[in-house]
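Subject: Structure for your review

Dear colleague,

Please find below the structure that I am handing over to you. My notes on what was found in it follow directly after.

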Amino acid sequence: MTVKTRLEPAPSGSIHVGSARTGLFSWLFAKHHGGSFVLRIADTDAKRVTEENYRSVLEDMRWLGLHWDEGPETGGPNGPYRQSERFHLYTEKANELLAKGYAYPCYCTPEELELERKTAHEEGRTSGYSGRCRTLTDEQRRAFEAEGRASSLRFAVPADRTITFHDAVLGEIVTDLGRTPDFVIQRSDGSPTYMLAVTVDDVAMGITHVIRGNDLVASTARQLLLREAFGVEEVPVFAHLPLLVTTDGRPLSKRFGDVSIGAYRDQGFLPEAMVNYLALLGWSYDDRTNVFSVDELIERFSLERVGKNPAAFDVAKLEWLNGHYIRSLTPEELAERLVPFCVRAGLPADSSEGREVLKGVAPLISERLKRLDEAPPMIRFLFEDVAPEGKAVKTLEGQTEYLGAVAEGLERLDKWTTPAIEEVLRGLAEERELKPKQAFQPVRAAVTGTLVSPPLFESIELLGRERTLKRLRYPA
RNA sequence: GGCCCCGUAGUCUAGUUGGCCUAGGACGCCGCCCUCUCAAGGCGGAGAUCACGGGUUCGAAUCCCGUCGGGGCUACCA
């Protein structure tokens with residue numbers, strides 16, 4: 001059997017890190033088994049969907065490197081892959097269920113349903129809908145329709161049974177259908193609900209392993225029920241991943257801060273770091289390995305090693321991994337990835353000269369970056385004259401003579417190289433019996449405008465003779 | 001309220017046929033070294049009575065019961 005997994009994101013903007021993690025696990029599992037991965041857009045609820053959000057989903061998936069074998073734009077034998085374009089299939093299946101007596105029209109209004117929910121809650125029953133429309137006579141139905149009431153379609157749940165399935169993560173899950181109310185499969189506007197669409201599509205597309213968030217455990221029984229009604233014998237393997245929470249153990253909601261992949265991308269997290277980090281949330285390979293390349297993840301991933309308890313999304317560890325991956329980049333690669341961040345910060349880096357500058361500083365700042373967006377402030381002095389700020393101003397006080405001497409020494413240099421520059425500066429420090437810190441901080445302040453900068457001698461070399469001398473003699 | 005799931009240091013986790021665990025690794029934190037600043041790197045350290053309480057056993061993080069805590073579901077969202 002060829003493994004086939006899928007991710008079914010609702011296009012409500014840049015994808016949530018939780019969805020990304022689910023997608024990653026699904027993708028890794030498929031790749032590990034030489035199978036395929038399907039991307040399917042869950043846009044059945046028209047009011048929440050925009051074209052822009054849809055594009056964000058595809059962009060995020062591509063950025064993460066989770067390439068889909070079947071899905072939007074890629075195509076495939078089971079398309080289309082946007083559920084909004086598959087309504088005819090759901091309608092057909094809904095009608096089939098209606099004809100076979102598995103489903104019935106429900107004429108209840110939102111207000112009536114709300115009342116039932118409230119009553120059920122008060123009486124300690126698990127849920128709301130009583131199933132009252134199930135036993136309507138034809139006459140009653142005609143009366144409702146004459147009234148102009150719209151009807152949804154509900155699945156008639158056999159209350160006297162239980163549904164049991166084996167979850168690859170959680171083990172055996174038993175659901176008592178006596179506590180499962182008749183659920184809506186088609187809204188009164190004719191659109192399918194998640195329950196119908198997901199089941200129809202998983203069957204149609206031959207999904208073998210359903211890997212999704214723990215919040216969907218309870219819905220599994222209903223989907224299994226639908227499969228039965230469709231007369232489908234095969235059942236996919238289900239694996240429900242532990243939910244992602246904040247470091248305080250709260251649900252990972254917008255209130256936590258950044259929960260979308262796009263937000264992390266904009267801050268300069270590398271996709272390889274994000275993928276590595278996400279893989280560690282709820283999964284581990286052994287008792288010591290933290291860093292994995294994508295290929296290693298594919299080779300080592302297994303559902304058996306997925307844990308059951310909620311995992312906290314810890315930005316600090318993500319940043320550590322990100323720093324690790326930034327340091328593993330070549331200067332050329334780092335420079336190229338830095339371009340958009342510099343441009344956004346107003347630095348003219350998107351030119352061949354700009355790129356040369358970036359390539360030059362890349363080795364100096366790579367071990368100082370946790371995120372790419374930290375780079376522009378560090379290297380702004382290479383692109384424009386910067387006025388000393390804060391403590392740097394104070395450091396420069398009374399240093400005019402000394403800085404002039406530094407300028408004089410540097411001016412005499414034949415070769416403008418780091419070793420030569422260092423020799424001049426150290427020589428002068430020794431001559432004046434200055435400690436390194438006393439000798440170099442004023443120079444740093446004058447040249448970079450700050451007391452924290454990339455290594456000084458290298459920075460001076462990159463800055464060039466002219467600009468360095470100017471800044472030493474005429475501080476802004 | 002009802003049903004279901006979870007519970008090892010601040011965080012991610014190893015550990016699950018009970019003994020090799022005086023509980024291992026990583027992030028973070030603290031200190032030292034290196035050092036032109038900041039980092040990176042190296043070394044070291046603090047931090048977990050394995051949620052709590054009872055059992056079973058020669059022996060339990062690992063098995064059983066209970067309690068408490070957290071979460072999910074309980075939608076014509078997905």
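Apart from residues within four places of it in sequence, Thr 199 is in contact with Gln 223, Leu 226, Arg 227 and Phe 230. Please bear in mind that this is a predicted model. Thr 199 belongs to helix α6, which covers residues 194-204, and it counts as buried because its relative accessibility is 2%, under the 20% limit.

Two of the residues that Thr 199 touches, Leu 226 and Phe 230, also take part in a contact between two helices. The axes of α3 and helix α7 (residues 220-230) come within 10 Å and cross at roughly 75 degrees. The two helices, α3 and α7, are therefore roughly perpendicular to each other, since an angle from 65 to 115 degrees is placed in that class. On the α3 side the contact is made by Lys 93, Glu 96 and Leu 97, and on the α7 side by Leu 226, Ala 229 and Phe 230. By character, the residues of this contact divide into 4 nonpolar and 2 charged, with no polar ones. As general background, residues three or four places apart in an α-helix point the same way, because the helix has 3.6 residues a turn.

Helix α9 (residues 271-279) deserves a separate remark. Of its 9 residues, 8 are buried, so α9 is largely enclosed by the rest of the structure. The buried residues of α9 are Pro 271, Ala 273, Met 274, Val 275, Asn 276, Tyr 277, Leu 278 and Ala 279.

I turn next to the aromatic residues. How many aromatic pairs does the structure hold? There are 14 aromatic pairs. One of them is formed by Tyr 102 and Phe 155, whose ring centres are 6.2 Å apart and whose planes stand at 10 degrees, so this pair is stacked. Tyr 102 lies in the loop between α3 (87-99) and β3 (103-106), while Phe 155 lies in strand β4 (residues 152-155), so the pair ties together parts that are 53 residues apart in sequence. Tyr 102 is partly exposed, at 34% relative accessibility, whereas Phe 155 is buried, at 2%.

A further pair consists of Tyr 264 and Phe 313, with ring centres 5.5 Å apart and planes at 55 degrees, so this pair is tilted. This pair also links distant parts of the chain: Tyr 264 is in helix α8 (residues 261-266) and Phe 313 is in the loop between β11 (311-312) and α11 (315-327), 49 residues apart. Tyr 264 and Phe 313 are both buried. In addition, one aromatic cluster is formed by Phe 25, Trp 283, Tyr 285, Phe 292 and Phe 301.

Aromatic rings also meet charged side chains. The charged end of Arg 154 sits over the ring of Tyr 129, at 3.7 Å from the ring centre. Likewise, the charged end of Arg 265 sits over the ring of Trp 63, at 5.7 Å from the ring centre.

Is His 166 buried or exposed? His 166 counts as exposed, because its relative accessibility is 60%. His 166 is located in strand β5 (residues 162-167). Leaving out residues up to four places away in sequence, His 166 touches Gly 171, Glu 172 and Phe 238. His 166 and Phe 238 are 72 residues apart along the chain, and their C-alpha atoms are separated by 7.3 Å.

Finally, some points concern the backbone. In general, most residues other than glycine have a negative phi, and most peptide bonds are trans. Gly 79 and Pro 80, however, are joined by a cis peptide bond, with omega at about -5 degrees. Pro 80 is in the loop between α2 (51-64) and α3. Glu 73 also lies in the loop between α2 and α3, and although Glu 73 is not a glycine, it has a positive phi of about 70 degrees. At 53% relative accessibility, Glu 73 counts as exposed. Glu 433 has a positive phi as well, near 55 degrees. Glu 433 is found in the loop between α17 (418-431) and α18 (436-448), and it is exposed, with a relative accessible area of 74%.

With kind regards

Conventions: Residues are numbered from 1 along each chain as its sequence is written. Chains are lettered from A and ligands numbered from 1 in the order in which they are written. This is a predicted model: local features need pLDDT of at least 70, side-chain atom pairs count only at pLDDT 80 or more; totals for chains, interfaces and linings use all residues. Side-chain values use heavy atoms; hydrogens and water are left out. Rings of Phe, Tyr and Trp (its six-membered ring) pair if their centres lie within 6.5 Å; planes under 30 degrees apart count as stacked, over 60 as edge-to-face and the rest as tilted. Helices (H or I, at least four residues) and strands (E, at least two) are DSSP runs, numbered from the N terminus. Buried means under 20% relative accessible area, exposed over 50%, partly exposed in between (1.4 Å probe, protein chains only). A charge sits over a ring if NZ of Lys or CZ of Arg is within 6 Å of the ring centre and within 35 degrees of the ring normal. Axes are lines fitted to C-alpha atoms, for helices over the stretch in contact, and angles run from 0 to 180 degrees between N-to-C directions. Angles under 35 degrees count as roughly parallel, over 145 as roughly antiparallel, 65 to 115 as roughly perpendicular and the rest as oblique. Contact means heavy atoms within 4.5 Å. Ala, Val, Leu, Ile, Met, Phe, Trp, Tyr, Cys and Pro count as nonpolar, Asp, Glu, Lys and Arg as charged, and the others, Gly among them, as polar.
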